[in-house]
Amino acid sequence: MNHIPARRSALRQTAACVLAASSLSSLPALAAEPAVLRVSAIPDEAPTELQRKFEPLGKYLSAQTGMKVVFTPVTDYAAVVESLATRKLDLAWLGGFTFVQAKIRTNGTAIPIVQREEDAKFTSKFITANPAIKTLADLKGKSFAFGAPSSTSGSLMPRFFLQQDGINPEKDFKTVAFSGAHDATVAFVAAGKAEAGVLNASVWDKLVESKKVDTSKVRVFATTPPYFDYNWTVRGDLDPALVKKLTDAFLALDPAKPEHKAILELQRAARFVPTQASNYEGIEAAAKSAGLLK
């Protein structure tokens, strides 16, 4: 009989150990590894360039949010929209048209949080290496290269403005090609694969500054009117506290601080400013006018 209390005590200790072990195993995985912020961008430039541009921004966002930030390049514009809609991405760099597509695909839940100050008055540049091409009217009968089909600045808005000038690319151009990216469009024109093409002004300026285009051969002959373009968009069901952290982090980037200036320069941004879905209503109207949206 004297052994029974001892056995009960041992059983209690064993049960306590099992309960403790069970409690530890049920702790969330976040205790063992940091939460991950999944980020991507429309592939409007080469994947290596997108990675280079994002790396310091990713480190900054990680420091501001306390999360591990993972950037995953994709092969086409549609993949970014679909990944945002299916919750495989948390944050994405979109063009105006891809934001409109994401808004529709997510039933209006995708949220644009910030844009570059420059994106409120964005433009596209028409380029050529053909001395005979001096105006948009001179494009008739010539071969032409757009960027990607879903590109705002490399396809949708230039096409919209061409149509306003009475030019139908499929009817009036000799051939229409899609290079897939802005820098590729310049390469098309420089190599004579197209007599003219169009790309976004920011990439053109960057290529000129880095001497990656011979401006004695390839030149700008027309510029579109301004329109809203790029933004950073989050999926609609992201934690509102995290959305605020991300928004505040972008807005806090200050060109007066050397470490921030380097990030902004890679993003081709003077600074980031708040944005909203209504800014892209003009893009949506242009897409419907072009028959790209119902």
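Here's a quick briefing on the chain shown above, starting with the overall picture and ending with one loop residue.

What you're looking at is a predicted model. Its secondary structure adds up to eleven helices and eleven strands. The chain has 294 residues, and 46% of them count as buried.

**Overall picture**

- If you take the contacts in the chain with a separation of 6 or more, 78% of them come from residues 24 or more positions apart.
- About 14,500 Å² of the chain is exposed, and 57% of that comes from carbon and sulfur atoms.

**The six-stranded sheet**

- Six strands line up as an open sheet with mixed pairing, and their order is β2-β1-β3-β10-β4-β11.
- The edges belong to β2 (68-71) and β11 (272-274); each has a single partner strand, so one side of each has no neighbour in the sheet.
- On average, neighbouring strands of this sheet are turned by 25 degrees against each other, ignoring direction.
- As background, strands of a sheet pair through backbone hydrogen bonds, in either a parallel or an antiparallel way.
- Strand β3 (residues 91-94) and strand β10 (residues 231-234) run antiparallel and are joined by four bridges.
- Look for L91 here: its bridge partner in β10 is V234.
- Helix α4 (residues 96-105) lies across β3, β4 (111-116) and β10, and it runs at about 135 degrees to β3.

**The nonpolar cores**

- In soluble globular proteins, nonpolar side chains tend to be buried together.
- The largest nonpolar core here has 55 residues, and the ones touching the most other members are L91, W232 and F250.
- Leaving out residues up to four places away in sequence, F250 touches L57, L61, L91, I113, V114, W232 and F272.
- There's also a second, separate core of 13 residues, with F144, A196, V198 and A222 among them.

**A closer look at E118**

- You'll find E118 in the loop between β4 and β5 (124-128).
- Is E118 buried, partly exposed or exposed? E118 has a relative accessible area of 31%, so it counts as partly exposed.
- Which residues does E118 touch, not counting those up to four places away in sequence? They are R268, A269, A270 and R271.
- With A270 there's a polar link to spot: a polar atom of the E118 side chain lies 2.8 Å from the backbone nitrogen of A270.
- E118 and F228 are 110 residues apart along the chain, yet their C-alpha atoms are separated by 8.8 Å.

Methods. Residues numbered from 1 in each chain as written. Predicted model: local features only at pLDDT ≥ 70, side-chain atom pairs only at ≥ 80, totals over all residues. Heavy atoms only, no water. Pairing = 2+ DSSP bridges. Helix = DSSP H or I, 4+ residues; strand = E, 2+ residues; numbered from the N terminus. Axes fitted to C-alpha atoms, helices over the stretch in contact; angles between N-to-C directions. Contact = heavy atoms within 4.5 Å. Core = buried A, V, L, I, M, F, W, Y, C linked by side-chain atoms within 4.5 Å. Buried < 20%, exposed > 50% of the residue type's maximum accessible area, 1.4 Å probe, protein only. Areas by Shrake-Rupley, 256 points an atom, 1.4 Å probe, with all protein chains shown as cover. Polar contact = N/O pair within 3.5 Å; in protein donor to acceptor, adjacent residues only side chain to side chain.
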